[in-house]
Amino acid sequence: MGGTAAQAASADLMIDLIISLDGYASAVGWPGWWGLEGPEYLAWLDQEGQKGYTFLLGARTYRLMSRMSEEAAAQGSGFSEDEGATLTGLAAVPKVVFSSTLQAPLTWPNSELVTGDAVQAVAEMKRTRTGPLSTLGSLSLCRSLLTAGLVDRFRVVVFPVITGSTGRERIYDGYPDVSLEMVENRTFDGRLQLLEYIPTVLSGPPGTGRVPGDVRR
(Lines give C-alpha, C1' and ligand atoms only; values in the text may rest on other atoms or scores of the structure.)
Protein backbone atom coordinates (compact mmCIF):
# COMPACT_ATOMS: atom_id res chain seq x y z
CA MET A 1 0.00 0.00 0.00
CA GLY A 2 1.29 3.44 -0.86
CA GLY A 3 2.20 6.26 1.51
CA THR A 4 -0.59 7.33 3.80
CA ALA A 5 -1.48 10.52 5.63
CA ALA A 6 -0.75 8.99 9.02
CA GLN A 7 2.63 7.66 7.84
CA ALA A 8 3.55 11.15 6.65
CA ALA A 9 2.29 12.84 9.79
CA SER A 10 4.55 14.31 12.44
CA ALA A 11 2.45 13.02 15.35
CA ASP A 12 1.14 9.49 15.89
CA LEU A 13 -2.23 8.94 17.55
CA MET A 14 -2.99 6.09 19.94
CA ILE A 15 -6.30 5.00 21.40
CA ASP A 16 -5.50 3.83 24.93
CA LEU A 17 -8.11 1.99 27.01
CA ILE A 18 -8.45 -0.16 30.10
CA ILE A 19 -11.22 -2.75 29.97
CA SER A 20 -12.77 -5.65 31.83
CA LEU A 21 -12.66 -9.00 30.06
CA ASP A 22 -16.24 -8.45 28.88
CA GLY A 23 -15.44 -5.04 27.42
CA TYR A 24 -16.58 -2.48 30.01
CA ALA A 25 -14.71 0.69 30.93
CA SER A 26 -15.95 0.78 34.52
CA ALA A 27 -18.31 -0.91 36.96
CA VAL A 28 -20.59 0.41 39.69
CA GLY A 29 -19.16 -0.12 43.16
CA TRP A 30 -15.73 -1.25 41.98
CA PRO A 31 -12.61 0.80 42.82
CA GLY A 32 -10.34 2.36 40.21
CA TRP A 33 -8.47 -0.17 38.08
CA TRP A 34 -10.97 -2.72 39.49
CA GLY A 35 -8.67 -2.83 42.54
CA LEU A 36 -6.08 -4.86 40.61
CA GLU A 37 -3.30 -2.36 39.99
CA GLY A 38 0.09 -3.74 41.00
CA PRO A 39 3.69 -2.45 41.21
CA GLU A 40 4.67 -3.49 37.68
CA TYR A 41 1.63 -1.84 36.14
CA LEU A 42 2.03 1.34 38.19
CA ALA A 43 5.73 1.58 37.32
CA TRP A 44 4.81 1.22 33.63
CA LEU A 45 2.23 3.99 33.97
CA ASP A 46 4.94 6.25 35.40
CA GLN A 47 7.21 5.44 32.45
CA GLU A 48 4.41 6.14 29.97
CA GLY A 49 3.80 9.49 31.66
CA GLN A 50 7.32 10.57 30.76
CA LYS A 51 6.90 10.05 27.01
CA GLY A 52 5.44 13.49 26.36
CA TYR A 53 1.91 12.55 25.29
CA THR A 54 -0.71 15.18 24.60
CA PHE A 55 -4.01 13.75 25.81
CA LEU A 56 -7.23 14.16 23.83
CA LEU A 57 -10.56 14.07 25.65
CA GLY A 58 -14.19 15.09 25.42
CA ALA A 59 -16.23 17.31 27.72
CA ARG A 60 -17.65 14.51 29.88
CA THR A 61 -14.22 13.01 30.56
CA TYR A 62 -12.80 16.48 31.18
CA ARG A 63 -15.43 17.24 33.82
CA LEU A 64 -14.95 13.89 35.52
CA MET A 65 -11.16 13.77 35.48
CA SER A 66 -10.58 17.43 36.38
CA ARG A 67 -12.90 17.05 39.39
CA MET A 68 -11.16 13.86 40.49
CA SER A 69 -7.74 15.47 40.05
CA GLU A 70 -8.78 18.39 42.23
CA GLU A 71 -10.25 16.08 44.87
CA ALA A 72 -7.11 13.92 44.88
CA ALA A 73 -4.98 16.98 45.65
CA ALA A 74 -6.97 17.69 48.81
CA GLN A 75 -6.26 16.09 52.15
CA GLY A 76 -8.49 13.20 53.12
CA SER A 77 -9.60 12.64 49.54
CA GLY A 78 -10.24 8.92 50.00
CA PHE A 79 -8.09 7.99 47.00
CA SER A 80 -5.23 5.55 47.49
CA GLU A 81 -1.72 6.96 47.29
CA ASP A 82 -1.22 5.51 43.81
CA GLU A 83 -4.59 6.73 42.52
CA GLY A 84 -3.95 10.19 43.97
CA ALA A 85 -0.53 10.47 42.36
CA THR A 86 -1.90 9.47 38.96
CA LEU A 87 -4.82 11.89 39.14
CA THR A 88 -2.86 14.89 40.40
CA GLY A 89 -0.12 14.22 37.87
CA LEU A 90 -2.58 14.72 35.01
CA ALA A 91 -2.72 18.43 35.83
CA ALA A 92 0.85 18.86 34.58
CA VAL A 93 0.46 17.18 31.17
CA PRO A 94 -0.90 18.90 28.04
CA LYS A 95 -4.53 18.14 27.27
CA VAL A 96 -6.79 19.06 24.35
CA VAL A 97 -10.50 19.10 25.17
CA PHE A 98 -13.14 18.90 22.42
CA SER A 99 -16.45 20.48 23.42
CA SER A 100 -19.14 22.83 22.15
CA THR A 101 -20.49 23.41 25.67
CA LEU A 102 -17.42 24.21 27.78
CA GLN A 103 -16.06 27.76 27.80
CA ALA A 104 -12.49 29.02 27.85
CA PRO A 105 -10.41 29.42 29.85
CA LEU A 106 -10.57 25.91 31.25
CA THR A 107 -9.73 25.65 34.93
CA TRP A 108 -7.74 22.38 34.77
CA PRO A 109 -4.10 23.40 34.16
CA ASN A 110 -2.58 22.78 30.73
CA SER A 111 -5.96 22.24 29.06
CA GLU A 112 -6.66 23.65 25.59
CA LEU A 113 -10.27 23.94 24.42
CA VAL A 114 -11.28 23.13 20.83
CA THR A 115 -14.90 23.97 19.99
CA GLY A 116 -14.87 22.89 16.34
CA ASP A 117 -15.05 19.48 14.69
CA ALA A 118 -12.86 17.03 16.62
CA VAL A 119 -11.96 14.86 13.63
CA GLN A 120 -10.80 17.83 11.58
CA ALA A 121 -8.88 19.26 14.53
CA VAL A 122 -7.08 16.00 15.26
CA ALA A 123 -6.20 15.52 11.59
CA GLU A 124 -4.59 18.97 11.66
CA MET A 125 -2.77 18.16 14.91
CA LYS A 126 -1.34 15.02 13.33
CA ARG A 127 -0.02 17.10 10.44
CA THR A 128 1.45 19.93 12.48
CA ARG A 129 2.54 18.54 15.86
CA THR A 130 5.58 16.41 16.58
CA GLY A 131 4.84 14.75 19.94
CA PRO A 132 2.69 11.63 20.42
CA LEU A 133 -1.07 11.95 20.89
CA SER A 134 -3.23 9.67 23.02
CA THR A 135 -6.88 9.56 23.97
CA LEU A 136 -7.89 9.66 27.64
CA GLY A 137 -11.17 7.82 28.15
CA SER A 138 -13.70 9.60 25.89
CA LEU A 139 -15.27 6.59 24.19
CA SER A 140 -17.30 8.60 21.65
CA LEU A 141 -14.19 10.52 20.61
CA CYS A 142 -12.27 7.26 20.22
CA ARG A 143 -14.97 5.83 17.95
CA SER A 144 -15.00 8.94 15.77
CA LEU A 145 -11.22 9.05 15.37
CA LEU A 146 -11.00 5.34 14.58
CA THR A 147 -13.79 5.50 12.00
CA ALA A 148 -12.15 8.53 10.38
CA GLY A 149 -8.92 6.62 9.84
CA LEU A 150 -6.74 8.72 12.12
CA VAL A 151 -5.58 6.07 14.62
CA ASP A 152 -2.07 4.62 14.32
CA ARG A 153 -2.11 2.38 17.40
CA PHE A 154 -4.89 0.73 19.39
CA ARG A 155 -3.87 -0.31 22.91
CA VAL A 156 -5.89 -1.99 25.64
CA VAL A 157 -4.97 -3.28 29.08
CA VAL A 158 -7.34 -6.12 29.95
CA PHE A 159 -8.23 -6.59 33.62
CA PRO A 160 -9.22 -10.15 34.62
CA VAL A 161 -12.77 -9.44 35.77
CA ILE A 162 -16.22 -9.94 34.26
CA THR A 163 -18.67 -7.23 35.31
CA GLY A 164 -21.84 -8.53 33.69
CA SER A 165 -24.08 -7.16 36.46
CA THR A 166 -22.32 -3.91 37.33
CA GLY A 167 -20.40 -2.99 34.16
CA ARG A 168 -20.89 0.45 32.64
CA GLU A 169 -19.72 2.08 29.39
CA ARG A 170 -19.45 -0.72 26.85
CA ILE A 171 -16.26 0.03 24.95
CA TYR A 172 -16.94 -1.33 21.49
CA ASP A 173 -20.60 -0.45 20.87
CA GLY A 174 -20.85 1.59 17.67
CA TYR A 175 -17.43 0.57 16.35
CA PRO A 176 -16.94 -0.37 12.71
CA ASP A 177 -15.44 -3.78 11.94
CA VAL A 178 -11.69 -3.59 12.52
CA SER A 179 -8.83 -6.00 11.93
CA LEU A 180 -5.91 -5.79 14.36
CA GLU A 181 -2.23 -6.56 13.76
CA MET A 182 -0.52 -7.19 17.09
CA VAL A 183 2.72 -5.26 17.58
CA GLU A 184 3.21 -5.61 21.35
CA ASN A 185 1.95 -7.61 24.30
CA ARG A 186 3.04 -8.09 27.89
CA THR A 187 1.71 -9.10 31.28
CA PHE A 188 1.82 -6.94 34.42
CA ASP A 189 1.89 -8.42 37.91
CA GLY A 190 0.95 -11.84 36.56
CA ARG A 191 -2.64 -10.80 35.80
CA LEU A 192 -3.04 -7.69 33.62
CA GLN A 193 -2.61 -8.15 29.87
CA LEU A 194 -1.44 -5.32 27.61
CA LEU A 195 -2.30 -5.72 23.92
CA GLU A 196 -1.21 -3.20 21.31
CA TYR A 197 -2.26 -3.30 17.66
CA ILE A 198 -2.13 -1.51 14.33
CA PRO A 199 -5.83 -1.20 13.40
CA THR A 200 -7.38 -1.41 9.95
CA VAL A 201 -11.02 -0.41 9.53
CA LEU A 202 -12.86 -2.90 7.30
CA SER A 203 -15.51 -2.05 4.73
CA GLY A 204 -17.10 -5.45 5.33
CA PRO A 205 -16.38 -8.88 6.80
CA PRO A 206 -13.31 -10.69 5.40
CA GLY A 207 -14.20 -12.81 2.40
CA THR A 208 -16.97 -10.54 1.11
CA GLY A 209 -14.80 -9.22 -1.70
CA ARG A 210 -14.88 -5.68 -0.33
CA VAL A 211 -11.62 -3.80 -0.10
CA PRO A 212 -10.70 -2.91 3.49
CA GLY A 213 -9.96 0.71 4.25
CA ASP A 214 -6.59 1.12 5.95
CA VAL A 215 -7.13 3.06 9.18
CA ARG A 216 -3.82 4.83 8.51
CA ARG A 217 -4.90 6.24 5.14
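## Helix α5 and its start

In this predicted model, helix α5 covers residues 118-128, and its buried residues are Ala118, Ala121, Val122, Ala123, Met125 and Lys126. The N-terminal end of α5 is capped by Asp117, which has a side-chain oxygen 3.2 Å from the backbone nitrogen of Val119.

## How α5 meets α6

Helix α6, made up of residues 139-147, packs against α5 at an angle of about 65°, and the axes of the two helices are 10 Å apart. The crossing in which α5 passes α6 is right-handed.

Which residues of α5 and α6 meet? From α5 come Ala118, Val119 and Val122, while α6 contributes Leu141, Ser144 and Leu145. Two of these α5 residues, Ala118 and Val122, also appear among the buried residues of that helix.

## Helix α3 and its two sides

Helix α3 runs through residues 59-73, and its 15 residues reach 21 Å from the first C-alpha to the last, which is close to the 21 Å expected at 1.5 Å a residue.

Where on α3 do the buried residues lie? The residues in question are Ala59, Thr61, Tyr62, Met65, Ser66, Ser69 and Ala72. Because they cover an arc of only 160° around the axis, these buried residues are on the same side of α3. On the other side of this helix, Arg60 and Glu70 are exposed.

## Thr135 in strand β6

Strand β6 consists of residues 133-135, and Thr135 is part of it. Is Thr135 buried or exposed? Its relative accessibility is 2%, and residues under 20% are classed as buried, so Thr135 counts as buried.

The side chain of Thr135 reaches the backbone nitrogen of Asp16 at a distance of 3.2 Å. When neighbours within four places in sequence are left aside, Thr135 is in contact with Met14, Ile15, Asp16, Phe55, Leu56, Cys142 and Leu145. One of these partners, Leu145, is also one of the α6 residues that meet α5.

## The protein as a whole

The elements described above belong to a protein with 6 helices and 10 strands. Of its 217 residues, 44% are buried.

How are the contacts in the protein spread along the sequence? If one considers contacts between residues at least 6 apart in sequence, 70% of them join residues that are at least 24 apart. Thr135 offers an example of a residue with several listed partners, including Met14 and Phe55.

Notes
Residues numbered from 1 in each chain as written. Predicted model: local features only at pLDDT ≥ 70, side-chain atom pairs only at ≥ 80, totals over all residues. Heavy atoms only, no water. Buried < 20%, exposed > 50% of the residue type's maximum accessible area, 1.4 Å probe, protein only. Helix = DSSP H or I, 4+ residues; strand = E, 2+ residues; numbered from the N terminus. Polar contact = N/O pair within 3.5 Å; in protein donor to acceptor, adjacent residues only side chain to side chain. Expected span 1.5 Å × (residues − 1). Arc of directions from axis to C-beta. Axes fitted to C-alpha atoms, helices over the stretch in contact; angles between N-to-C directions. Left-handed = near helix turned anticlockwise from the far one by under 90°. Contact = heavy atoms within 4.5 Å.
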